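Let's walk through this model together, from its surface to its core. Keep the viewer open as you read.

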Amino acid sequence: MPSKLLDALLLAMPLSLTLESWRQHLKTQLPYPVQGANTLFIGEPTLAIVDFQHNRAEVLLPAIEWRHHDIQTAKPQRQGVVEERNGTLEQLMALVDETIAFRLKSFRECASCGTRFPPEMLGSLGGEPICRDCIKGRRVLF
Ligand SMILES: [Zn+2]
């Protein structure tokens, strides 16, 4: 069988009981909103992404790349993979926790309103990080 067809068939298969139980645990046990189905987006803004495939769960760090001053592309970075056959839910949770902690460290405080934002939601005003809402409010000053 061509491997592309095999991949497609495997992707269409429901998750195994183990992976489904890991997925449910992530959906219900984290102190953050979780969206998505086989790919879970944890937190708002997204703090970590967990992509469930037929025999493994991949944990990704959300990262945004600026292509132009006003166009951003999502470029999630792989943090690690937990295989169903030799991995555990504890390993997956540890990886998710690490990824969330790493992501939160990249947040910066808006110099105007003091709220913490991920880097992709902050602009710069006079060398200080500033959030979009505050930039909007100050547009008249430019
Ligand atoms: Zn602000």
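Accessible areas here come from the Shrake-Rupley method with a 1.4 Å probe, and for residues only the protein chains shown count as cover. By that method the chain exposes about 9100 Å², of which carbon and sulfur atoms supply 55%. This is a predicted model: local features need pLDDT of at least 70, side-chain atom pairs count only at pLDDT 80 or more, and totals for chains, interfaces and linings use all residues. Residues are numbered from 1 along each chain as its sequence is written, and side-chain values use heavy atoms, with hydrogens and water left out.

The chain holds four helices and 11 strands, taken as DSSP runs numbered from the N terminus (helices H or I, at least four residues; strands E, at least two). Let's start with β2. Its side chains alternate: L40 and I42 are buried on one face, while T39 and F41 point to the other and are not buried. Buried means under 20% relative accessible area, exposed over 50%, and partly exposed in between (1.4 Å probe, protein chains only).

Strand β2 also has partners, where pairing requires that DSSP finds at least two bridges between two strands. It runs antiparallel to β1 (residues 34-35) with two bridges, and Q35 has F41 as its bridge partner. With β3, β2 pairs in the antiparallel sense over four bridges, and T39 stands opposite D51.

Now follow V96. Leaving aside neighbours within four places in sequence, V96 is in contact (heavy atoms within 4.5 Å) with L26, L30, I42, V50 and V59.
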